[in-house]
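Visitor: I'm new here, so could you walk me through this one and let me ask how you know each thing?

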Amino acid sequence: MKGKVIIAGAGPGAVDLITLRAKTALEQADVIIYAGSLVNPDILAFARSDSEKINSAGLSLDEVITVIQNAVKADKQVVRLHTGDPAMYGAISEQMNELDKLDIDYEVIPGVSSVFAAAAAVKAELTMPGITQTAILTRRAGRTPVPEAENISRLAANNASLALFLSVADMPGLVKDLIAAGRPAETPIAVVYRASWPNEKIVCGTLADISEKIQAAGIKRQAIILVGKAIARSGEKSLLYDSGFAHGYRGTAQELKFSGKTALYAITRQGALKAGEISGGLNNAEVFVPEGLTADHSDFKSFGSNKLGKLLRLNWHLYDAHLFVMAAGIVVRKIAPLLEGKTVDPAVVVCDELGNNCISLLSGHIGGANRLATTVAGITGGNAVITTATDTRKLIAFDELAARNNWQVCNPEMIKVFNARLLAGDSIDLLLPEDVFEKHYRDIRGLHQIVTIEKAEHPVVVLNCKKDTGLPCLRLTSTGYAVGIGCRLDISADKIEKAVRAALNTAGLKLQMVKCLASTDLKRYESGLLDFATEYSLLIRFYGKKMLNSVKTPHSSPRAEKEFGIRSVAEAAAMLAAGNDHLILEKQKLDGVTVAIAAIVPTGSNNE
Ligand code: SAH
């Protein structure tokens, strides 16, 4: 009679996570060949004390097979014990091939894979209804390559949950691949070290902060990485919403991200490749390259040779940011004629063709170029080059504070004065929300939080306060804006966006400050308008004729009155949506689209 071979999964580590069938096999085994340090010694204790226990860590395939062959010949029961489930990275197929050749019979007993122990540890469902119905089990290429078509930057280009084995050693590389696959920086990610062992460690974060956290936790191996929205199940018990996580995920990371619309430009083949890689990692981006370079990139837009300057003039206010993958000198010359001032100029970032240096060149704070440069460096694995003095001193400049919160600086001429005081450590009183003070300014020399404007003794930074103090004052406002829109039938979303951006620019406002759009209910099914609103997650309010005609507006539209009996669409809708008569931009028309803007006056204690 021949002995028997059983290939069995030992489970992730915990003694009681082995199957009853595998436990029985161990109890009956004469020879056990186990897979190194990931098999808990307490599991080996299920085996008889007189059984032979061999660590396979130091053995070659041939040596393992020889041990098995000899044991079977001697009519012994053999258990080849793998961690987790043998079917995942167990290298069992090569063993089974050899056994087939030798005509040795074997059986496989499944085990609880570490991937499921990790999911259990973070209490996640990998196939969460409404999010994804797929989980991808994989690894990232390291010393062991993976087939090119299974590169993470390809595999992850969807919403599926990902579980990665053997990949924790290079987290920055993994994050880069995931961003390249189009996963947003705020994507939840959890790393579980030694799942189910007594020294199990769970580190949760987002693509934006996980590398740092893993380095701090000192995790270099023996971990499963889980990625995707399903990992951050909403609800009170979710680990990802514990206080430490909430700070990283919903606070800092979100606030530090550049969320505007970006135009990328490249003029060489290498540059075009890099621009494609970067645009894949940004939320809303379009790439422009010279005519000859679009062949490999069907989604790129092209411009005629030597027409970059002209294109830039057209694009300048249609995008929140312009990112150039080329020499800085070219960029400086091209943008020079377009510059107007720090509150209206878009962000400009320059990056070399390898993505090694991402330079914030213009509108670092209000325009967000510093944040964009940092985001881009995160994608390319390069260095963000930031030269604004406050940032190099790790201080949050007041215009940067405003930009991060989508607040507006009412008197931008004072920015310089106040940032200089901040840098010099001179006294400044702050009438800002308590949490803002606590987060950014608490421990900074010279800064004092005050509770009413009457308490101000030094130059003062205020939010939503109009009172005059007689002291130098930097005024910020969280006012949101309602944008009223009237348009011809069947107008494209692009044209609407163009007209809205032009109007905002005239008023010195950013799209992020817009809280809602408004129009007549005759436009309820106007697809261009609906598409524009959807793209920027903006609410649209529609008003009937009666409502619109009840508002007294500066202008009336004879055409709308004649055709629909409505005196004013854009101005009246903006004022209705804002709930007051603070029209800050009277109607302005561009290419068949009329736009007017009204301020939604903030409510708040400082607002007197
Ligand atoms: N067959 C095993 C995987 C073996 S490959 C299984 O199904 O789990 C080894 C890799 O598995 C490790 O590098 C690590 O990524 C993962 N792994 C194994 N046990 C683990 C555990 N308890 N916790 C976290 N990761 C584990």
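Guide: Let's start with the domains: in this predicted model, the C-alpha centres of domain 1 and domain 4 lie 68 Å apart.

Visitor: Which domains is the protein divided into, and where do their bounds come from?

Guide: There's domain 1 (4-112), domain 2 (115-231), domain 3 (248-387), domain 4 (398-477) and domain 5 (480-600). Those bounds come from an automatic or database domain assignment.

Visitor: Which domains does the shell around the ligand draw on?

Guide: Domain 1 (4-112) and domain 2 (115-231) each give at least three residues to that shell. Around the ligand there are 18 residues, and M88, S113, S114, A195 and A223 come nearest.

Visitor: What makes the pair between S114 and the ligand a polar contact?

Guide: An N or O atom in the side chain of S114 is 2.6 Å from an oxygen atom of the ligand. The cut-off for such a pair is 3.5 Å, so this one counts as a polar contact.

Visitor: Which polar backbone atoms sit by an oxygen atom of the ligand, and how far away?

Guide: A polar backbone atom of L166 is 2.9 Å from a ligand oxygen, and for A223 the distance is 2.7 Å. Both values are within 3.5 Å, so these are polar contacts too. As for cover, the ligand taken alone exposes 540 Å², and the protein buries 94% of that.

Visitor: How does the shell divide by residue kind?

Guide: The shell around the ligand has 11 nonpolar residues, five polar and two charged.

Visitor: On to the sheets. Why are β13 and β17 called edge strands?

Guide: First, the order: seven strands form an open sheet, β13-β12-β11-β14-β15-β16-β17, with mixed pairing. β13 (301-303) and β17 (383-385) each pair on one side only, so they are the edge strands. Neighbouring strands in this sheet are turned by 25 degrees against each other on average, direction ignored.

Visitor: How do you know that β15 and β16 pair?

Guide: Pairing needs at least two bridges, and four join β15 (residues 347-351) to β16 (residues 357-362), so they pair. These two strands run antiparallel, and V349 stands opposite S360 in β16.

Visitor: What is the strand order in the open sheet of five strands?

Guide: That order is β25-β24-β23-β27-β26, with mixed pairing. Its edge strands are β25 (539-543) and β26 (583-590).

Visitor: What makes β26 and β27 a pair?

Guide: They share five bridges where at least two are needed, so they count as paired, in the antiparallel sense. Here L583 stands opposite A598 in β27.

Terms used
Residues numbered from 1 in each chain as written. Predicted model: local features only at pLDDT ≥ 70, side-chain atom pairs only at ≥ 80, totals over all residues. Heavy atoms only, no water. Near = heavy atom within 4 Å. Polar contact = N/O pair within 3.5 Å; in protein donor to acceptor, adjacent residues only side chain to side chain. Areas by Shrake-Rupley, 256 points an atom, 1.4 Å probe, with all protein chains shown as cover. Nonpolar A, V, L, I, M, F, W, Y, C, P; charged D, E, K, R; others polar. Axes fitted to C-alpha atoms, helices over the stretch in contact; angles between N-to-C directions.
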